[in-house]
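Here are some exercises to work through with the model open beside you. Try each task before you read its solution.

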Amino acid sequence: MFTLKKIKNIIISIGTIIRSIYLVGLQALNKRETILYPDKPICLSDRFRGKIVLTKNQDGTERCVACGLCAVVCPVNCIFLQKSEDSNGRWYPKIFQINMARCIFCGFCEEACPTLAIQLTKDFELSSYSRNSLLYKKHDLLVSSTGKYHSYNFYHKSKLLKSNKCNNKCKAKPVDTKSLLP
Ligand code: SF4
Ligand code: SF4
């Protein structure tokens, strides 16, 4: 026996279903927010922190001076490096390794680097089936590019090299290297 209350509930239920179909239909006509990666490329922010690289100066020399600040500041201790020195007294890393399996992409190393050598890029496709392949050695990290900062050269600014050919041409004032700021 249909009571008035039951009839009311049936009408409300049918109304709810029709409303739901209407709302879903509205969304179906809206612009799609989901990006069909990897079929379509993803546009990432310039501040995105992905794969780490070691950049070079415009003249092709290494920027890293093996100061070790990045390794000290890294909260998960995933950077290991060993300093060496060339005939000009320039420091460079003989060994530079980053364990990307431990890296949390915090960007602290990039912040701490006085020579802008270490930089985080937009490359996020780092997955691998082998944990060993995530131990990036120097030749994996070093790129022939200035990265985000094209004209900066730590040794030209600081004039620290004993025989820096650019010293005569460079008009920029030496920076206070102890401030750790570029
Ligand atoms: S991004 Fe953070 S965790 Fe990764 S190497 Fe740099 S300091 Fe370490
Ligand atoms: S902080 Fe920069 S210059 Fe110093 S060791 Fe790290 S990458 Fe090299």
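**Exercise 1. Write down the order of helices and strands along the chain, then count each kind.**

Solution. Step one: read along the sequence, and the pattern comes out as α-β-α-β-β-α-β-β-α-α. Step two: count, which gives five helices and five strands. Elements here are DSSP runs numbered from the N terminus, with helices being H or I of at least four residues and strands being E of at least two. Before going on, note that this is a predicted model, where local features need pLDDT of at least 70, side-chain atom pairs count only at pLDDT 80 or more, and totals for chains, interfaces and linings use all residues. Residues are numbered from 1 along each chain as its sequence is written, and chains are lettered from A and ligands numbered from 1 in the order in which they are written.

**Exercise 2. Compare the span of α1 with the expected span, then work out whether the helix is buried or in the open.**

Solution. Step one: α1 covers residues 4-29, which is 26 residues. Step two: from first C-alpha to last, α1 reaches 38 Å, close to the 38 Å expected at 1.5 Å a residue. That expected value is 1.5 Å times one less than the number of residues. Step three: check burial (buried means 20 or more other C-beta atoms within 10 Å of a residue's own, exposed 12 or fewer, partly exposed in between, with C-beta atoms placed from the backbone). The number of buried residues in α1 is zero, so the helix lies largely in the open. For the chain, buried residues make up 18% of the 182 residues.

**Exercise 3. Put the strands of the open sheet in order and find the partners of Gln 82, Ser 84 and Asn 99.**

Solution. Step one: the order is β2-β3-β5, three strands with antiparallel pairing. Strands pair if DSSP finds at least two bridges between them. Step two: β2 (residues 79-85) meets β3 over seven bridges, while β3 meets β5 (residues 135-136) over two. Step three: β2 and β5 are the edge strands, each pairing on one side only. Step four: Gln 82 has Ile 95 in β3 as its bridge partner, Ser 84 stands opposite Tyr 92 in β3, and Asn 99 is across from Leu 135 in β5. Step five: look at the hairpin of β2 and β3, which has five residues between the strands and a positive phi of about 85° at Gly 89 in the turn.

**Exercise 4. Find the residues that touch the most other members of the largest nonpolar core, and the strands that feed it.**

Solution. Step one: a nonpolar core is a set of buried Ala, Val, Leu, Ile, Met, Phe, Trp, Tyr and Cys residues joined through C-beta atoms within 7 Å. This one has 22 residues, and Ile 52, Leu 54, Ile 98, Ile 118 and Leu 141 touch the most other members. Step two: β1 (52-54), β3 (91-99) and β4 (118-120) each supply at least two residues, with β1 giving the most, three. Step three: zoom in on Leu 54, whose contacts include Cys 64, Phe 96 and Val 143, leaving aside residues up to four places away in sequence. (Contact means C-beta atoms, placed from the backbone, within 7 Å.)

**Exercise 5. Hunt for unusual backbone angles in the loops, starting with Tyr 37 and Pro 38.**

Solution. Step one: a cis peptide bond joins Tyr 37 and Pro 38, with omega about 5°; Pro 38 sits in the loop between α1 and β1. Step two: Ala 66 has a positive phi of about 55° although it is not a glycine. Ala 66 counts as buried because it has 21 C-beta neighbours inside 10 Å. Step three: Leu 116 also has a positive phi, near 60°, but counts as partly exposed with 19 such neighbours inside 10 Å.

**Exercise 6. Describe the residues around ligand 1 and ligand 2 by class.**

Solution. Step one: near means a C-beta atom, placed from the backbone, within 6 Å. Ligand 1 has 15 residues around it, with Cys 74, Cys 103, Cys 106, Phe 108 and Cys 109 coming nearest. Step two: 13 residues surround ligand 2, the closest being Cys 64, Cys 67, Cys 70, Cys 113 and Ile 118. Step three: sort by class (Ala, Val, Leu, Ile, Met, Phe, Trp, Tyr, Cys and Pro are nonpolar, Asp, Glu, Lys and Arg charged, the others, Gly among them, polar). Ligand 1 gets 14 nonpolar, one polar and no charged; ligand 2 gets 11 nonpolar, two polar and no charged.

Note on methods
Two residues are in contact if their C-beta atoms, placed from the backbone, lie within 7 Å.
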